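The following exercises ask you to work through strand pairing and overall dimensions by inspection, each with a solution to compare with your own.

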Amino acid sequence: MDYNKMIEHAAKAMNCKPSDILDFKPIKAGMTNVSYAFKLKNKKYIYRIPGAGAEGLVNRQNEYDAYKAIRWLDISDKVVYYDKKTGVKISEFIENARNADGMKMKEAIRCLLFAKHELHDKNKTVNSKINIVDMINNYERLMGKSKYPDYQKVKEKVLSNLRYWKKQPHKYCLCHFDLNPDNFLILKSGRIKLLDWEYAGMNDPIFDLAGWIVYKQYDIVHIYTLIAGYLEHEPSEQELKKVYAYIAAMGLLWSNWCEYKRKCGEEFGEYAEQQFAYARKFSDK
């Protein structure tokens, strides 16, 4: 979609003339979407469109439902327009904010506790259920044959671990499922906002913790620190093993995601390699 068409679409969505849309320009090329900023009547907005291959990765109805579920929690951006068919979203621009720094452990733990207490503990529900095994298989279908020679061996270990943990008692709640520092905004006031709910659904919230860990590619020392920070106590051996199993699963999931995106013309280099390395290493732990 070229600039003129996007401006026309934004104007139609905002019930105004295309000439009323000012300073329309790109501001962010994310891993799944591309975002633009524009001004309308002295107010700033974000116009988000899906990136290459997103239609095979994201259920937009699920994202829409997640935004509805969290609307009154005031923990995210304020959406003023959402197209469930295309995934085009317009939201109010959040001024005087920065992304979270995932390598500052105090800030990382603060964000994880925000997700725990302001999302996981709020008992919000949606119809969509996150089945990570189905997601792994779907991304595998999209990517085709993996480039990793031990892919099937690693996958079997990951799925075996997941079968075990699924049978154990666990919390079940609305999860973000793409929890990472780039999706957190720290406002000048100190408040936190959590953005981009494309993968959200009902699941065990420990997957959100594991997702944060694999995204930032932490070493084992930092991983332990984050697990203890989220749990708010020193983890038991059983708790560690569960997080390790979920790290392996999330690593495999996002490794398949990266392989599919590579087919779509996007390369993620070291990040992609590290995701499979997590799957390989932590499926044994």
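**Exercise 1.** In this predicted model, find which residue of β3 is the bridge partner of Phe38, and then establish how the two strands are paired and connected.

*Solution.* Begin at Phe38, whose bridge partner in β3 is Tyr45. Next, move to Tyr36, which stands opposite Tyr47 in β3. Extending the search along both strands, one finds that β2, residues 33-40, and β3, residues 43-50, pair in the antiparallel sense over eight bridges. Finally, inspect the connection: the two strands form a hairpin with two residues between them, and Lys41 in this turn has a positive phi of about 50°.

**Exercise 2.** Determine whether strand β2 is largely enclosed or open, using the burial of its residues.

*Solution.* The criterion needed here is that a residue counts as buried when its relative accessible area is under 20%. Applied to the eight residues of β2, this criterion marks six as buried, and the strand is therefore largely enclosed by the rest of the structure. For the wider setting, 54% of the 285 residues of the protein count as buried.

**Exercise 3.** Identify the bridges that join β3 to strand β5, and name the bridge partner of Arg48.

*Solution.* Start from Arg48, for which the bridge partner in β5 is Lys89. Then follow the pairing along β5, which spans residues 89-92: four bridges join this strand to β3, and the two run antiparallel.

**Exercise 4.** Decide how the radius of gyration of the protein compares with the value for a compact globule, and describe the overall dimensions and contacts.

*Solution.* First take the chain length: with 285 residues, a compact globule would have a radius of gyration near 19 Å, and the protein has 19 Å, so the two agree. Next, take the extent along the principal axes, where the C-alpha atoms fill a box of roughly 60 × 40 × 35 Å. Then turn to the contacts between residues at least 6 apart in sequence, of which 71% join residues at least 24 apart. To complete the description, count the secondary-structure elements, which comprise nine helices and ten strands, and note that the accessible surface comes to about 14,000 Å², with 49% belonging to carbon and sulfur atoms.

Technical notes: Residues numbered from 1 in each chain as written. Predicted model: local features only at pLDDT ≥ 70, side-chain atom pairs only at ≥ 80, totals over all residues. Heavy atoms only, no water. Rg over C-alpha atoms; globule rule 2.2 N^0.38 Å. Buried < 20%, exposed > 50% of the residue type's maximum accessible area, 1.4 Å probe, protein only. Contact = heavy atoms within 4.5 Å. Areas by Shrake-Rupley, 256 points an atom, 1.4 Å probe, with all protein chains shown as cover. Pairing = 2+ DSSP bridges.
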